[in-house]
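Biologist: I'd like to learn how to read packing in a structure like this one. Could you walk me through a few features?

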Amino acid sequence: MTAVYTLTLAPSLDSATLTPQIYPEGKLRCTAPVFEPGGGGINVARAIVHLGGRATAIFPAGGATGEHLAALLADEKVTTRQVATHDWTRQNLHVHVESSGEQYRFVMPGAALSDDEFRQLEEQVLTIEKGSLLVISGSLPPGVPVEKMSQLIKAAQNNGIRCIIDSSGDALAAALEIGGIELVKPNQKELAALVNRDLTQPDDVRKAAEELVNSGKAKRVVVSLGPQGALGVDEQQCVQVVPPPVKSQSTVGAGDSMVGAMTLKLAENASLEDMVRYGVAAGSAATINHGTRLCAQEDTQKIYDYLCQK
């Protein structure tokens, strides 16, 4: 199977807790926090491992929060390549309110990266063996311009590394301008921004995704459609996979679970339909959980088996 790596420039140590209700100024009594690794690429690597695959996570880590993050990944048996940073790894907070079912996500800015720290991360990427898959996912930390990320993607592709991008805004647009991206997973709003027009009609999403593929910007485009599942497009076909109804507890981690599952299938040279089907299954499986938990293999397999029978 093709080797898989992920790159996360703004990792986080995520904590999740429950509180009976939220109101201003008073003391909000919370349950003991549950700590988990966070950051797009890190979660993609974790999802792949949860699903029985292998992935190596490349990321910067600093301070006590960085050490805690690395220890949690070791506990989950995720292989890592770390670059030590001066700034501490950020810590995010997820609060679930029991009385209302509402969720609050407090997301801190990523730790700044110096030029030397970014260079070390780039060196880690460029040691990846030719033909491997590299998932670049998550936000850019303060001080890292989009141009730097574009240069890294170009260098990786020149080394024969196949890049998957899960980002948004200028970072996603810049990556697609390079061309030849193996897989991108925008939502409908992000896709509309990429093609610079509203996607209001049922067939608009398909046409916009095909436009990205036919222009050579991406080899595969999978558009996440929320409860309607996902629409996948490559040069040969277009497929839509709609998940079964499940009781959603939290959407946190659903997107990363979906990308992890699709990357795992891509590493196995699966068909577009099978890749999208497994991705939708993993994304749906993640929503069953409270807090920041990702997909579980058993839940994913059940939903995947159901989708295969449709």
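Modeller: Gladly. Let us begin with the word "touch": two residues are in contact when they have heavy atoms within 4.5 Å. Keep in mind too that this is a predicted model.

Biologist: Let's try that on one residue. Which residues does Ser 150 touch, leaving out those up to four places away in sequence?

Modeller: Ser 150 touches Ala 174 and Ile 178 once such neighbours are set aside. The residue itself lies in helix α4.

Biologist: And is Ser 150 buried or exposed?

Modeller: The general idea is a cut-off: buried means under 20% relative accessible area. Ser 150 has 13% relative accessibility, so Ser 150 counts as buried. For a sense of the fold around this residue, compare sequence with space: Leu 172 is 22 residues away along the chain, while the C-alpha to C-alpha distance to Ser 150 is 9.7 Å.

Biologist: Now to whole helices. How is α3 oriented relative to α4?

Modeller: Angles under 35 degrees count as roughly parallel. Helix α3 (residues 115-126) and helix α4 (residues 146-158) cross at roughly 20 degrees, and their axes come within 10 Å. That angle is why α3 is roughly parallel to α4. The crossing of α3 with α4 is right-handed.

Biologist: Which residues make that contact?

Modeller: From α3 they are Asp 115, Phe 118, Glu 122, Val 125 and Leu 126, and from α4 they are Lys 148, Met 149, Gln 151, Leu 152, Ala 155 and Ala 156. Sorted by class, the contact of α3 with α4 holds 7 nonpolar, 1 polar and 3 charged residues.

Biologist: What about α9 and α10, at what angle do they pack?

Modeller: Helix α9 (residues 272-287) and helix α10 (residues 297-309) meet at about 135 degrees, and their axes are 8 Å apart. The two helices are therefore oblique to each other. Their crossing is right-handed. On the α9 side the contact includes Arg 277, Tyr 278 and Val 280, and on the α10 side it includes Ile 303, Tyr 304 and Leu 307. By class, this contact of α9 with α10 has 9 nonpolar, 2 polar and 3 charged residues.

Biologist: Val 280 is in that list; which residues does Val 280 touch beyond four places in sequence?

Modeller: Val 280 touches Gly 229, Ala 230, Val 241, Pro 243, Met 258 and Leu 307. Val 280 also belongs to the largest nonpolar core, which has 45 residues; those touching the most other members are Leu 51, Phe 59, Val 222, Met 275, Val 276, Val 280 and Cys 295.

Biologist: Which elements feed this core with two or more residues?

Modeller: Among them are α1 (40-50), β4 (56-61), α2 (63-75), α8 (254-267), α9 and α10. The largest share, 9 residues, comes from α9. There is also a second, separate core of 40 residues, including Leu 191, Leu 199, Ala 209 and Leu 225.

Biologist: One last feature, the backbone. Which phi value does Glu 25 have?

Modeller: Glu 25 has a positive phi of about 75 degrees, although this residue is not a glycine. Glu 25 sits in the loop between β2 (12-19) and β3 (34-38). With 85% relative accessibility, Glu 25 counts as exposed.

Biologist: And where does Lys 77 lie?

Modeller: Lys 77 is in the loop between α2 and β5 (79-84). Lys 77 is not a glycine either, yet its phi is positive, about 65 degrees. Its relative accessible area is 69%, so Lys 77 is exposed.

Definitions and conventions
Residues are numbered from 1 along each chain as its sequence is written. This is a predicted model: local features need pLDDT of at least 70, side-chain atom pairs count only at pLDDT 80 or more; totals for chains, interfaces and linings use all residues. Side-chain values use heavy atoms; hydrogens and water are left out. Axes are lines fitted to C-alpha atoms, for helices over the stretch in contact, and angles run from 0 to 180 degrees between N-to-C directions. Helices (H or I, at least four residues) and strands (E, at least two) are DSSP runs, numbered from the N terminus. Angles under 35 degrees count as roughly parallel, over 145 as roughly antiparallel, 65 to 115 as roughly perpendicular and the rest as oblique. A crossing is left-handed if the near helix is turned anticlockwise from the far one by less than a right angle, and right-handed if clockwise. Ala, Val, Leu, Ile, Met, Phe, Trp, Tyr, Cys and Pro count as nonpolar, Asp, Glu, Lys and Arg as charged, and the others, Gly among them, as polar. A nonpolar core is a set of buried Ala, Val, Leu, Ile, Met, Phe, Trp, Tyr and Cys residues joined through side-chain atoms within 4.5 Å. Buried means under 20% relative accessible area, exposed over 50%, partly exposed in between (1.4 Å probe, protein chains only).
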